[in-house]
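Visitor: Please take me through one part of this model in close detail. I would like the sheet and what packs around it.

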Amino acid sequence: MPETYRTAIAGVGAVAEMHARSIADLDAATLVAGSCRTESTGREFASEHDCSWYADTEGMLDDADPDVLIICTPSGAHLEPTLAAAERGIDVLCEKPLEITTERIDRMIDAAESADIALGGVFQQRFTDVFQTVHDAADEGRFGTLSVANAYVPWWREDEYYADAWQGTEDLDGGGALMNQSIHGIDAMQWLASAAMDLDRDENPVEEVVAYTALRGHDDEYVEVEDTAVAALRYRNGAVGQVLGATSMYPGSLRRVQLGGRDGTAEVREDELVTWEFRDERDADAEIRETFSEQGGASGGAADPMDIDYADHRRNLAAFLGSLDSDDPYALDATEARKAVAIIEAIYESADAGEPVRLS
């Protein structure tokens, strides 16, 4: 393995800035190139981050010869650069969602396996200290028999966010408030529930969903998909849950994820631990409550999609590169990153059909 991974980014929009800054902070990576069809945007990115700009991703892969490709293109355009990287034996770290349908994700997984490359996802929220703490407790069985796992993302986006953009389109966003914004909360919810239920790693913890979606806060001139959604969930162990995903709730408030069972409950509001109570109190619990008792300065994207810190992107990238060095499994591999998309896909299907949908 190289001492420093030559890294390229496909799609140099806003989220690519998070990755570029992360790469700059890490000794294990160096940014060599970025691709973007818009020349002014591409050249500005290249100048700011001291790398090369290419108008075409495949040309970039051939000329820059990176070890790793980070994909930051619009959500429905993740498949093609993954296939291009796989053809060239280049490992891939892909922004959320891995793709906008499980069918397209499965094509990515097949290509990666055939080429023997790593294909990993980005859900940077998993790498926050507060969610790691809750996951550790779930993994240790502290919640007992799981009863409830919920995710609430009551956010707001102005019309300008969607105007003349790929966001809110069926083809490139694959959905609205769920597939784009709420997917982080849904992933955290299912990840924690899986740990509390002690499932096989490849098994999705959600068994069935019943859902409604609507367009309430925006005109269909701007948004082709939902800006409001609710779903009831049944988990494979009999637990139940709820999902609220919205970009229609002005002025937007903080994301919440809850996990509760017979022996304990935890609730995370953005990066604040508002509930941490267990039947069997441990010496460390008071310190944990104190450590995570205050909300940080950022809103987490409740109203401004860029009001987030890139530190967790850095941790996410470092974990991926570390797995390449060690040959240990990457905890957020493609099979794991697929789960949140499968849940959202089932929610959309239920809302369209007006009946419960079971996950395979």
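Guide: Start with one pair: T7 has V68 in β4 as its bridge partner. Strands here are DSSP runs (E, at least two residues) and helices likewise (H or I, at least four), numbered from the N terminus. This is a predicted model, where local features need pLDDT of at least 70, side-chain atom pairs count only at pLDDT 80 or more, and totals for chains, interfaces and linings use all residues. Residues are numbered from 1 along each chain as its sequence is written, and side-chain values use heavy atoms, leaving out hydrogens and water.

Strands β1 (residues 5-10) and β4 (residues 68-71) run parallel, joined by 4 bridges. Two strands pair if DSSP finds at least two bridges between them. The open sheet has 6 strands, in the order β3-β2-β1-β4-β5-β6, with parallel pairing. β3 (52-54) and β6 (119-121) each have a single partner strand, so one side of each lacks a neighbour in the sheet. Neighbouring strands are turned by 25 degrees against each other on average, direction ignored.

Now the helices. α2 (residues 39-49) lies across β1, β2 (29-35) and β3, at about 160 degrees to β3. Such angles run from 0 to 180 degrees between N-to-C directions, with axes fitted to C-alpha atoms, for helices over the stretch in contact (heavy atoms within 4.5 Å).

In α5, the buried residues (under 20% relative accessible area, 1.4 Å probe, protein chains only) are T102, R104, I105, M108, I109, A111 and A112. Their cover includes α4 (79-87), β5 (91-94), β6 and α12 (334-353). Just after α5, D116 takes a positive phi of about 55 degrees.

Notes:
Buried < 20%, exposed > 50% of the residue type's maximum accessible area, 1.4 Å probe, protein only.
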